[in-house]
Amino acid sequence: MAAFFQKVDRLKPVYDVTYKAVLLLCKLLLVADILITSMSVLGRYVPFVPDPAWSEEIVLTLMAYMAVLSAALAIRRGAHVRMTALDRYLPKGLIKALDLLADLCVMLLAVVMLVVGWQYAVKIGARGVYVSMPKLSRFWMYFPIPVAGFAMIVFELEALYGHVKSILLKEGKAA
C-alpha cells in the first residue's frame with residue numbers, strides 16, 4: 001500500500017504547477033482589472049485619457065474569473081470557509097470522516113460547475129454579445145464557471161487523496 005502512495009506522490013509537482021498557473025492567471029487578471037479601471041476613472045477627469053465604453057463589462061468579467069479561480073486556489077491551501085469550532089471536542093476519526101465528506105461534496109459541486117457551466121457558456125453565452133462590444137460573445141462571461149470547476153476538481157483530487165492516504169496509512173500502521 002505504501003508503494004502505491006509513493007508512486008502517486010510523484011504527481012505533486014503537477015499539482016504545484018497547476019496551482020502556480022492558476023495563481024499567475026489570477027494575478028494577471030487583477031493587474032488588467034486595475035489598469036482598465038484606472039484608465040476608465042482617469043478618462044472621466046483627464047481629457048486626453050480615453051474612457052472606453054467597454055471597460056465596465058470587461059472589468060466585471062475579469063472579476064468573475066478572479067472570484068471563482070481564487071476559490072479554487074483556496075481549496076488547495078485548505079483556506080476555504082469551514083466550521084472548526086467543535087473539532088477539539090470530536091474524535092479525530094470523526095473529524096477526518098467529516099473532512100472527507102466535505103471534500104466529496106465540494107468535488108460534486110466542482111463537477112456540476114464544470115458540466116452545467118460549460119452548457120451555459122456554450123448555449124446561453126454563445127447566443128449573446130456584450131452590449132459595448134457587439135463582436136464579442138458572452139461565452140467569455142460564462143466561461144469562468146467551467147474553468148473554475150476544472151481547477152476545483154484538480155485540487156479536490158489532491159485533497160481527497162490526502163485524506164484517503166492519511167486514513168489508510170494510519171490504519172495500515174495499526175494493523
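**Figure legends: a helical protein in a predicted model**

The structure, a predicted model, holds zero disulfides. A disulfide is a covalent bond between the sulfur atoms of two cysteines.

**View 1. Cysteine Cys26.** The close-up is centred on Cys26, whose relative accessibility is 10%. Because buried means under 20% relative accessible area, Cys26 counts as buried.

**View 2. Cysteine Cys105.** This view turns to Cys105, with a relative accessibility of 46%. Since the partly exposed class lies between the 20% and 50% limits, Cys105 counts as partly exposed.

**View 3. Helices and overall form.** The secondary structure of the protein consists of six helices and zero strands. Read from the N terminus, the order of elements is α-α-α-α-α-α. The radius of gyration is 21 Å, well over the 16 Å that the globule rule gives for 175 residues, so the protein is more spread out than a compact globule. Along the principal axes, the C-alpha atoms fill a box of roughly 75 × 35 × 30 Å.

**View 4. Interior and contacts.** Among the 175 residues of the protein, 30% count as buried. Of the contacts with a separation of 6 or more, 72% come from residues 24 or more positions apart.

**View 5. Surface and charges.** The exposed area of the protein is about 11,500 Å², and carbon and sulfur atoms supply 73% of this area. The protein carries 19 positive and 12 negative charges, and the mean positions of these two sets are 5 Å apart.

How values were computed. Residues numbered from 1 in each chain as written. Predicted model: local features only at pLDDT ≥ 70, side-chain atom pairs only at ≥ 80, totals over all residues. Heavy atoms only, no water. Helix = DSSP H or I, 4+ residues; strand = E, 2+ residues; numbered from the N terminus. Rg over C-alpha atoms; globule rule 2.2 N^0.38 Å. Buried < 20%, exposed > 50% of the residue type's maximum accessible area, 1.4 Å probe, protein only. Contact = heavy atoms within 4.5 Å. Areas by Shrake-Rupley, 256 points an atom, 1.4 Å probe, with all protein chains shown as cover. Lys, Arg positive; Asp, Glu negative; His and termini not counted. Charge placed at Lys NZ, Arg CZ, Asp CG, Glu CD. Disulfide = S-S within 2.5 Å.
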